[in-house]
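Please consider how the chains of the assembly shown below are arranged, and then how one helix within it is built.

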Amino acid sequence: MDSAALLHILYLVAIVAEAMTAALAAGRRQMDWVGVYLLGCITALGGGSVRDVLLNRYPLSWVEHPIYLVLTGGAALATIAIARHMRHLRRLFLFLDAVGLVVFTVIGCNIAMGLGMPVIIVVAAGMITGCVGGVLRDILCADVPLLFRAELYATVSIVTGGIYVAGQQTGIPHEVLMGLAMATGLALRLLALRFGWSMPKFVYTDQLH
Amino acid sequence: MDSAALLHILYLVAIVAEAMTAALAAGRRQMDWVGVYLLGCITALGGGSVRDVLLNRYPLSWVEHPIYLVLTGGAALATIAIARHMRHLRRLFLFLDAVGLVVFTVIGCNIAMGLGMPVIIVVAAGMITGCVGGVLRDILCADVPLLFRAELYATVSIVTGGIYVAGQQTGIPHEVLMGLAMATGLALRLLALRFGWSMPKFVYTDQLH
Amino acid sequence: MDSAALLHILYLVAIVAEAMTAALAAGRRQMDWVGVYLLGCITALGGGSVRDVLLNRYPLSWVEHPIYLVLTGGAALATIAIARHMRHLRRLFLFLDAVGLVVFTVIGCNIAMGLGMPVIIVVAAGMITGCVGGVLRDILCADVPLLFRAELYATVSIVTGGIYVAGQQTGIPHEVLMGLAMATGLALRLLALRFGWSMPKFVYTDQLH
């Protein structure tokens, strides 16, 4: 199996995992089954969609492959059935969520590089792909997005994208580099979860207005 | 009058009705008159705009027909003047809102079919057209979108679009089919309101994070 | 220095000022440093991005000039260092925020006029450019957008754009007109802040649903 096929399989695992964690967020807000389905689709596919709209890249992935809407929405609905077991699967899902973050990031970087974008935009495209789905989920749940407060989430995406982009200048084979960037980002995320690492917070209490 | 003209008139009624219900939501949040105007425009025209951005279909309807911004914003402002009577018009507005939902849905399906989209995307385009305006309204009011919790709202849109799309395979004349899909969706929505039908809810209380 | 260069310098001042006020909003929500950076970029560049997506104008400014992501994000981070002094700079920032509003508005109008848009869309494009960044900031902080409730904020943008557009029909030289529109809008905003002027509010308490 070549690396493109492996990346695609990881992508499918990632959108399913993101849809399932979105379903749990929907359950916490007591959404109905249609809401669960939709929040699953939007969370799993929203990051890539926003990236493509911002970069003017059409058709969007789910317009070209409508099966993604069935896969992610179906995974969200299936989560309802197995919700009682989710507590025991907590570690598995945090792991899959971390895998999704780095896979989305690398895919987003690849797309921006394919469009000939400058380095900063490549890293930004990776981060948008990796993080915006979760932001949309939080907005639709009327929460302050976790991204802006969580353990190294966006940071992991930036580090992954940064290694991947910087490595292009070296002689490292493309597939090795991709694996290296994802492995580093994944390790950083898992260590952050394990040891509660987080970025320093900015606390400001005055009112400007 | 042919069916295209009728559909256009229904569309105008629908955007006015959506703008007026948005004005009431704005009033509940004590927005100022400019906020009322803007929330009216965004709620009435936002669903179609998001659909067109996702499908890369330009110009957007209100860019091509700026009068829509005057019509919907004006309807929102007029709502302030008649707000004291809105209580008595409650049933009328719930009815017009339901009409708007099925009209928007069919128009969204028509546009996606005109672009040669696959069946799932046609139904999705109908639902986005019908439902996203209300989601934007709820986000701008910092509420959890009603769509994800309300009586069969998104479901009605999916049923309407599903009948419309499935019927294309039969020999039913296009205009009859359109009327049939809208009548079925409208009846379903009104029955859901009357009898308090709703989709089952997913309630989940554990924290994954 | 010609007027285009002056407008560009004012634009750079405006995006820096918007990023810094966004950083304070992030601090009130105790976001981490990455969140501060991102909220700064999104607030400063979001209005122009939404305008360009709606008008199908690509590439977006920050995709063409990635340095804007560094400038605005860096300004947001720098705000953390000087936050203790921000209280004394309150007036300065309210002034710069007002400058940003009218500068963004005129730039948005210019872009829509360059695309040959009708008058209403030109004014709307100015208002979207001037106001949407702050709306995105408030949504990401899970607040009801200030725009819909604040002192003449959107109104100032509409007045500025209206004067600018209406003046095109007169013989007033373009650069004089631009200065006149911005000066009027700026004066209106500062007077509104000074005297607490605001649009009347719409207060509605019944539940439609």
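What rotation, and what shift along its axis, superposes chain A on chain C? The model is a predicted one, and in it a rotation of 120° with 0.0 Å of shift along the axis brings chain A onto chain C, with an RMSD of 0.0 Å. In chain A, the C-alpha nearest this axis belongs to A:Ala142, at 3.5 Å from it.

Chain B may be treated in the same manner. Chain B is superposed on chain C by a rotation of 120°, again with 0.0 Å of shift along the axis and an RMSD of 0.0 Å. Such a relation is that of a three-fold axis. Within chain B, B:Ala142 has the C-alpha nearest the axis, 3.5 Å away from it.

The contacts between the copies come next. Of the contact residues of chain B, 13% recur in chain C, and the copies use different surfaces. For chain A, only 15% of the interface residues are also interface residues in chain C, and therefore the copies meet through different surfaces.

Within chain A, helix H6 covers residues 90-114. Because each residue should contribute 1.5 Å, the 25 residues of this helix are expected to span 36 Å, and its end C-alpha atoms are indeed 36 Å apart, in agreement with that expectation. After H6(A) comes A:Gly116, which has a positive phi, near 70°.

Technical notes: Residues are numbered from 1 along each chain as its sequence is written. Chains are lettered from A and ligands numbered from 1 in the order in which they are written. This is a predicted model: local features need pLDDT of at least 70, side-chain atom pairs count only at pLDDT 80 or more; totals for chains, interfaces and linings use all residues. Side-chain values use heavy atoms; hydrogens and water are left out. Copies are superposed by least squares on the C-alpha atoms of residues with pLDDT of at least 70 in both. Contact means heavy atoms within 4.5 Å. Helices (H or I, at least four residues) and strands (E, at least two) are DSSP runs, numbered from the N terminus. The expected span of a helix is 1.5 Å times one less than its number of residues.
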